[in-house]
Amino acid sequence: MASLAPLPPLPAQFKSIQHHLRTAQEHDKRDPVVAYYCRLYAMQTGMKIDSKTPECRKFLSKLMDQLEALKKQLGDNEAITQEIVGCAHLENYALKMFLYADNEDRAGRFHKNMIKSFYTASLLIDVITVFGELTDENVKHRKYARWKATYIHNCLKNGETPQAGPVGIEEDNDVEENEDAGAASLPTQPTQPSSSSTYDPSNMPSGNYTGIQIPPGAHAPANTPAEVPHSTGVASNTIQPTQQTIPAIDPALFNTISQGDIRLTPEDFARAQKYCKYAGSALQYEDVSTAVQNLQKALKLLTTGRE
């Protein structure tokens, strides 16, 4: 992929999108679709923050140029031309990154790549909002991943051993608000790609999250794996294969025949199409469990008119 024109220095007003821009840079070659949507999120968020100050207008104008160049380069990619496919691609990518970090955490393998994977997964869930509101499940994954990254980072920084596996967060504590207070700044020229995919401590928040407890026996968000494959170590952010638990298929679905009095709305058809797209995207990642779950949702919706 051709290199993009450099951006001006990041205005101070845009501090909250600095890590999303860094994630975009890191994915320019790894996954251009992810890079595109990270920039789109930064653009939309920046417009809401400040689109009038000269330095902000200049920055957003150059960022728009990058988006146009990327859209032109990726013009034949369905994940760019069709929002449903793009959303599915981003959700599956973020979930895989989350599951990789969660597997490492459950096995007690604490290292820089797993910390960065947790944090990057949380940033990518932010990016999913370009398609609309997040599901409750995505909100929980984002909060857990961002807190886990900070907790493990601070433990290692202080020479402490983190508690492996699922931990709890007090629901009254807004992790996302506290995260911004301790985030480090991007370089003044945020367009230089990272020289390494390994974790850089300067990119992690260092805020002290009050009110967070780590009681034993608490649970991570739904769909985090309970079993972890054996591994002697990992390199980069490569996602390792995991054991998959295939969800049980409701036997009633096999016998369900659409009744004549069921009238599906255009919105129903759109939702069913979305579930099928999600399933197809999941299969690209060999994620059978997610594919089956989405196909079951589509089948139930089409045959009963209900989700």
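In this predicted model, residues 24 or more positions apart supply 78% of the protein chain's contacts that have a separation of 6 or more. The chain holds eleven helices and zero strands, so let us take a friendly walk through some of its helices, beginning at the N-terminal end. Of the 307 residues in the protein chain, 47% are buried.

## Helix H1 and its neighbours

A good place to start is H1, which spans residues 18-26. Is this helix mostly covered or mostly open? H1 is mostly covered, with nine of its nine residues buried. They run from Gln 18, His 19 and His 20 through Leu 21, Arg 22 and Thr 23 to Ala 24, Gln 25 and Glu 26. What do these buried residues pack against? Their partners are H2, helix H3 (54-73) and H6.

The packing with H2 deserves a closer look. Two packed helices are described by the angle between their axes and by the distance between those axes. Here, H1 and H2 (residues 32-49) meet at an angle of about 160°, and their axes are 8 Å apart. Angles over 145 degrees count as roughly antiparallel, and H1 and H2 are therefore roughly antiparallel to each other. The crossing of H1 past H2 is left-handed. On the H1 side, the contact is made by His 20, Leu 21, Thr 23, Ala 24 and Gln 25. H2 contributes Ala 35, Cys 38, Arg 39, Tyr 41 and Ala 42. Sorted by character, the residues of this contact are six nonpolar, three polar and one charged.

His 20, one of the H1 residues in that contact, is worth following further. Its relative accessible area is 4%, so His 20 is buried. Setting aside neighbours within four places in sequence, His 20 touches Cys 38, Tyr 41, Leu 123, Asp 126 and Val 127. Asp 126 will come up again below, as a residue of helix H6.

## Just before H1

Gln 13 sits in the segment before H1. Is Gln 13 buried or partly exposed? With 28% relative accessibility, Gln 13 counts as partly exposed. Its C-alpha atom is separated by 7.2 Å from that of Asp 50, although the two residues are 37 residues apart along the chain. Apart from neighbours within four places in sequence, Gln 13 is in contact with Ile 49, Asp 50, Thr 53, Glu 55 and Cys 56.

## Salt bridges between helices

The count of salt bridges comes to seven. Three of them are set out here, each with the distance between N and O atoms.

| Salt bridge | N to O distance |
|---|---|
| Glu 26 and Lys 116 | 2.5 Å |
| Asp 105 and Lys 148 | 2.8 Å |
| Asp 126 and Arg 142 | 2.8 Å |

Glu 26 forms its salt bridge with Lys 116. Glu 26 belongs to helix H1 and Lys 116 to helix H6 (residues 112-127), so this pair ties together parts that are 90 residues apart in sequence. Glu 26 and Lys 116 are both buried.

Next come Asp 105 and Lys 148, whose side chains meet in a salt bridge. Asp 105 lies in helix H5 (residues 83-106) and Lys 148 in helix H7 (residues 136-157), so parts 43 residues apart in sequence are tied together. Asp 105 counts as buried because its relative accessibility is 0%. Lys 148 also counts as buried, at 0% relative accessibility.

The side chains of Asp 126 and Arg 142 meet in a salt bridge too. This pair links distant parts of the chain, with Asp 126 in helix H6 and Arg 142 in helix H7, 16 residues apart. Both Asp 126 and Arg 142 are buried. Which residues are joined into one network with this pair? Salt bridges with shared partners bring Asp 126, Arg 142 and Arg 146 together.

## Glu 91 in helix H5

Our last stop is Glu 91, placed in helix H5. A relative accessible area of 18% means that Glu 91 is buried, since the cut-off for buried is under 20%. Glu 91 and Asn 138 are 47 residues apart in sequence, and their C-alpha atoms are 8.6 Å apart in space. Beyond its neighbours within four places in sequence, Glu 91 makes contact with Ile 128, Asn 138 and Tyr 278.

How values were computed. Residues numbered from 1 in each chain as written. Predicted model: local features only at pLDDT ≥ 70, side-chain atom pairs only at ≥ 80, totals over all residues. Heavy atoms only, no water. Axes fitted to C-alpha atoms, helices over the stretch in contact; angles between N-to-C directions. Helix = DSSP H or I, 4+ residues; strand = E, 2+ residues; numbered from the N terminus. Parallel < 35°, antiparallel > 145°, perpendicular 65-115°, else oblique. Left-handed = near helix turned anticlockwise from the far one by under 90°. Contact = heavy atoms within 4.5 Å. Nonpolar A, V, L, I, M, F, W, Y, C, P; charged D, E, K, R; others polar. Salt bridge = Lys/Arg side-chain N within 4 Å of Asp/Glu carboxyl O. Buried < 20%, exposed > 50% of the residue type's maximum accessible area, 1.4 Å probe, protein only.
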